[in-house]
Amino acid sequence: MRPHKKFVPFPFEYHQEIDITVDSLSNLGVGIAKVDIPASQEEGETETTKWVVFVPFALPGEKVRTRIFRNDNNCSQGDLIEVLEPSPHRIEPKCSLFGECGGCQYQHVDYPTQVKWKTRQVGELLQHMAGIDHPVLPAIESPRQWNYRSKLTPHFQKPKNGKITSIGFLRNGQRNNILDVPQCPIAMEEINDALPLLRKLAHQNAKEYKKGVTMLMRVTEGKVETNHRAIATEKVGDLTFNFLAGDFFQNNPFILPAFTQYAADQASKGGAKYLVDAYCGSGLFAVSLASSFEKVAGVEVSETAADWARANARQNNITNATFKAASAEAIFEDIDFPADETAVVIDPPRKGCDEVFLNQLFAFGPSRCVYISCNPSTQMRDLKSFLDAGYILEEVQPFDLFPQTRHLECVVVLRKGK
Ligand SMILES: C[S@@+](CC[C@H](N)C(=O)[O-])C[C@H]1O[C@@H](n2cnc3c(N)ncnc32)[C@H](O)[C@@H]1O
């Protein structure tokens, strides 16, 4: 293969193979090695400098052979060719598509080590993004490490000559190349049981699709729902939640009782009597935490989700919670809760909180904030604003909602300084 015409042949030639020792992992789950290279391209250069090489699927402590395919300004990228000295934590991946499929990054690592690395990555983000050294509690493990996902969204591209080429997920590292995935070991058994028929029907009806499709598979009461507008049901401990199958709901139901209990304990610590659930979706936290508070107010931009939050409160006999369908910052216009007795749960989408919301939140000044996020990078960015506004970081507790993948949920607990 020839190099890309923009390939820069320094510090490595195209497809040069080098043996390296991996030091750490990036937050994308990619192995990072620091190697010595000549300090400049001058002939006869004797000085060396450290250079970063990224190698996917290589584990910390391993010696591996990598083949370089790209040199950037301050790092290089290589493919993993051979593991020369394996890590004691390396295991056989369960899925034959591991490495090709973009869904999982950690199937080749034993579970306790996955959780340890996720914990460490949160600590590193805390340092790099928020500039603080603070202990991170060990990530809470998922009770199920396989067959835990209650939602799967296999996709396919526009059929060619009336034929669908593959139904599945993006290939690892690619943006529009879909790998055919007939079974997925992190999806619940119900999904894997239903997948063959769904795939067969899609192939049979291929001529009807004028563009690519993302299919929905949502487990609800032992069955799989594929209609976005259908009602799905999930039990969390003694509580029952209904929501539109296509709307957001946390998709590892097995860890949710521990997750919501932790949020309840942290939000009510210090005697807060009132709760605001910002970005409340169909009311998971508002409804789960309501018994620990006198009054609860939820806010959610999706009207259907806010309607379901109201219905979920009613069907679980929660009478102290109200919900507003609006952008999150609007909640501070109408609540009359005393700020020094109010806790706010904040669970925004991956992009984090916007400035308008944060300014309104800080102007209100609740005594406690429990910030939950599936994207610790934006969470740590926002954390800086909390610290600047006088909040004190109490606890950082990751939860592993997504075993075998690089993803996690992280809970950051803050109290207002004096
Ligand atoms: C990560 S989900 C959390 C939902 C809920 N807390 C749960 O765990 O089920 C984020 C939610 O924020 C909502 N959202 C997005 N932007 C918003 C905004 N500006 N104001 C209020 N809600 C918003 C989305 O519709 C989604 O329901």
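**Exercises on a predicted model**

The C-alpha centres of domain 1 and domain 2 lie 39 Å apart. The structure is a predicted model.

**Exercise 1.** Determine which residues make up domain 1 and domain 2, and how many residues of each are in contact.

*Solution.* Begin with the bounds: the domain assignment places residues 1-90 in domain 1, while domain 2 combines 116-144 with 256-416. Next, turn to the contacts, for which C-beta atoms must lie within 7 Å. Four residues of domain 1 meet four residues of domain 2 in this way. Finally, sort the domain 1 side by class: two residues are nonpolar, two are polar and none is charged.

**Exercise 2.** Describe the chain over the stretch that UniProt lists as "domain: TRAM".

*Solution.* The unreviewed UniProt entry gives residues 11-82 for this feature. Across residues 11-82, strand accounts for 58% of the chain and helix for 0%. The C-alpha atoms at the two ends are 21 Å apart.

**Exercise 3.** Identify the residues with the most contacts inside the largest nonpolar core, and trace the contacts of Val370.

*Solution.* The largest nonpolar core contains 74 residues, and Ala263, Ala278, Leu289, Val345 and Val370 have the most contacts inside it. Leaving aside residues up to four places away in sequence, Val370 touches Ala263, Gln266, Ala267, Ala343, Val345, Val411 and Val413. A separate second core has 32 residues, among them Val22, Ala58, Ile178 and Ala187.

**Exercise 4.** Characterise the shell of residues around the ligand.

*Solution.* The ligand is surrounded by 18 residues, of which Tyr279, Gly281, Val301, Ala328 and Asp347 come nearest. Helix H4 (284-289) and strand S17 (295-300) are the elements that each supply two or more residues. By class, the shell has twelve nonpolar, four polar and two charged residues.

Conventions: Residues numbered from 1 in each chain as written. Predicted model: local features only at pLDDT ≥ 70, side-chain atom pairs only at ≥ 80, totals over all residues. Core = buried A, V, L, I, M, F, W, Y, C linked by C-beta atoms within 7 Å. Buried ≥ 20, exposed ≤ 12 C-beta atoms within 10 Å, placed from the backbone. Contact = placed C-beta atoms within 7 Å. UniProt positions renumbered as here; feature names shortened; annotations may be inferred. Helix = DSSP H or I, 4+ residues; strand = E, 2+ residues; numbered from the N terminus. Near = placed C-beta within 6 Å. Nonpolar A, V, L, I, M, F, W, Y, C, P; charged D, E, K, R; others polar. Domains from an automatic or database assignment.
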